[in-house]
Amino acid sequence: MDLVAACRAFVSVSEHGSFTVGAAAARMSQPVASRRVAALEERFGEQLFERTSRRAVLTPFGRDMLPTARQLVRAAEVLLNESEAAKRKPWRLAVPGICSVASLARLVAEARGHGVTLDLRIAAPAQRRELVHAQQVRAALLAVPADEATWSVPLGLAGARDPGVKRLYLETLRVGRASVDPASRVWIQPEDDVPHIRDPLTRLRDAVGLRPAQLVAAADLTSAAAEALCSRDLLLCSPAQAEELALHWRPIGEIVLSRGFALVAAGDGNPQNVEARLGDGIGRCLGAGTRPGTPAADPAGSGAGTPSGSTGGTAA
């Protein structure tokens, strides 16, 4: 028995003194109202109404039960109203700055279709972590190593010129001491200036003999992309970013790098409901383009370019 529905029928019939009128006021049919009141009477083991051909008159037991039944119905209505208000409350989410306006707008629109109102906060990796720890957001897309990630985005090198190879090897950026040409640099944008990406790349730089200044952490993506567009410098980025910037993207030959993201809730919150509904949309925003947990494809293919230790390939 639905106790709230039964009490709603009981209260409405008592207020109108009629099963027919009371049922209509409670937006149910007269047979449904009769069955619900009868189920309530059976549960209580007492009659609530003295039924006549014209009127439904409360019994003494019915008069005693009516105030509590009214309280239950009102409490249920308050609960339903609160649940609707809670669903309309914005779900504040910290997201990376790499997401395009178009993809974020699409995510917000998709969320509304699932009854979720997103309130997005764009922030750098360290700031997103601080926001979720301080509980200033409901959840954040944190930068994590690939083996901890729900969404994974491949990283490679992109430049203004087509390199003519399937993979770019960092060692091909090495310049001799007598060279008068400026050394090509690799720019790391703020989203990738995190230990699990920056440190392996720094170790590779040292291992292949590049100068320290050839690996640069940029203050912002715009300035880093501008350097790649107007020089022989390269930008560490995703395939989607390279396409947006009209740069030629290739995987790095000596190492596999990827951005990893995980949705982490503030406090003891659980983001699984939102992740299940919006996982594909979040993946699109991040450039993963796959369902959560599915590795993104290598846009440049798996064919080898210049093997490590060779000098046949070029970086720009």
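Helices (H or I, at least four residues) and strands (E, at least two) are DSSP runs, numbered from the N terminus. With that in mind, colour the whole protein by secondary structure, and you can look for its 10 helices and 11 strands.

Before going further, keep in mind that this is a predicted model, in which local features need pLDDT of at least 70 and side-chain atom pairs count only at pLDDT 80 or more, while totals for chains, interfaces and linings use all residues. Residues are numbered from 1 along each chain as its sequence is written, and side-chain values use heavy atoms, with hydrogens and water left out.

**The whole protein**

Switch on the surface, where the accessible area of the protein comes to about 16,600 Å², a value from the Shrake-Rupley method with a 1.4 Å probe, and for residues only the protein chains shown count as cover. Carbon and sulfur atoms account for 51% of that surface. Of the 316 residues in the protein, 43% are buried, where buried means under 20% relative accessible area, exposed means over 50%, and partly exposed lies in between (1.4 Å probe, protein chains only). Among contacts (heavy atoms within 4.5 Å) between residues at least 6 apart in sequence, 76% join residues at least 24 apart.

**First stop: the start of the chain**

Select Met1, Leu3 and Leu72, which form a nonpolar patch on the surface with about 270 Å² of accessible area together. Patches are made of residues with over 30% relative accessible area and no salt bridge, with like charges joined within 9 Å and nonpolar side chains (Val, Leu, Ile, Met, Phe, Trp, Tyr) within 5 Å. Leu3 belongs to helix α1, residues 3–16, and counts as partly exposed at 40% relative accessibility.

**Second stop: two helices side by side**

Now select helix α5 (residues 101–113) together with helix α10 (residues 272–286), whose axes come within 9 Å and cross at roughly 175 degrees. Two packed helices are described by the angle between their axes and the distance between the axes. Here the axes are lines fitted to C-alpha atoms, for helices over the stretch in contact, and angles run from 0 to 180 degrees between N-to-C directions. Angles under 35 degrees count as roughly parallel, over 145 as roughly antiparallel, 65 to 115 as roughly perpendicular and the rest as oblique, and α5 and α10 are therefore roughly antiparallel to each other. Show side chains to find where they meet: Ser103, Leu104, Arg106, Leu107, Glu110 and Ala111 in α5 are in contact with Arg277, Leu278, Gly281, Ile282, Arg284 and Cys285 in α10.

**Third stop: charged pairs**

Side chains of opposite charge can pair when their charged atoms come close. A salt bridge is a side-chain nitrogen of Lys or Arg within 4 Å of a carboxyl oxygen of Asp or Glu, and a search of the whole structure finds 13 of them.

Begin with Arg70 and Glu15, whose side chains meet in a salt bridge at 3.4 Å, N to O. This pair links distant parts of the chain, with Arg70 in helix α4 (residues 60–88) and Glu15 in helix α1, 55 residues apart. Arg70 is partly exposed at 25% relative accessibility, and Glu15 is also partly exposed, at 48%.

Next, select Asp119 and Arg92, which form a salt bridge with the closest N and O atoms 3.1 Å apart. Asp119 lies in strand β4 (residues 118–122) and Arg92 in strand β3 (residues 91–95), so the pair ties together parts that are 27 residues apart in sequence. Asp119 is buried, with a relative accessible area of 19%, whereas Arg92 counts as partly exposed at 32%. Add Arg121 to the selection, and you will have Arg92, Asp119 and Arg121, which are linked in a network of salt bridges.

The last pair to select is Arg128 with Glu191, joined by a salt bridge whose closest N and O atoms are 2.8 Å apart. Arg128 sits in helix α6 (residues 125–133) and Glu191 in the loop between β7 (186–188) and α7 (195–207), 63 residues apart. Arg128 is buried at 0% relative accessibility, and Glu191 is buried with 7%.

**Final stop: two loops**

Select Arg27 in the loop between α2 (19–25) and α3, where its phi is near 60 degrees, a positive value in a residue other than glycine. Arg27 is exposed, with a relative accessible area of 80%. Then move to Ala246 in the loop between α9 (239–244) and β10 (248–251), which has a positive phi of about 60 degrees although it is not a glycine. Ala246 is exposed, with a relative accessible area of 60%.
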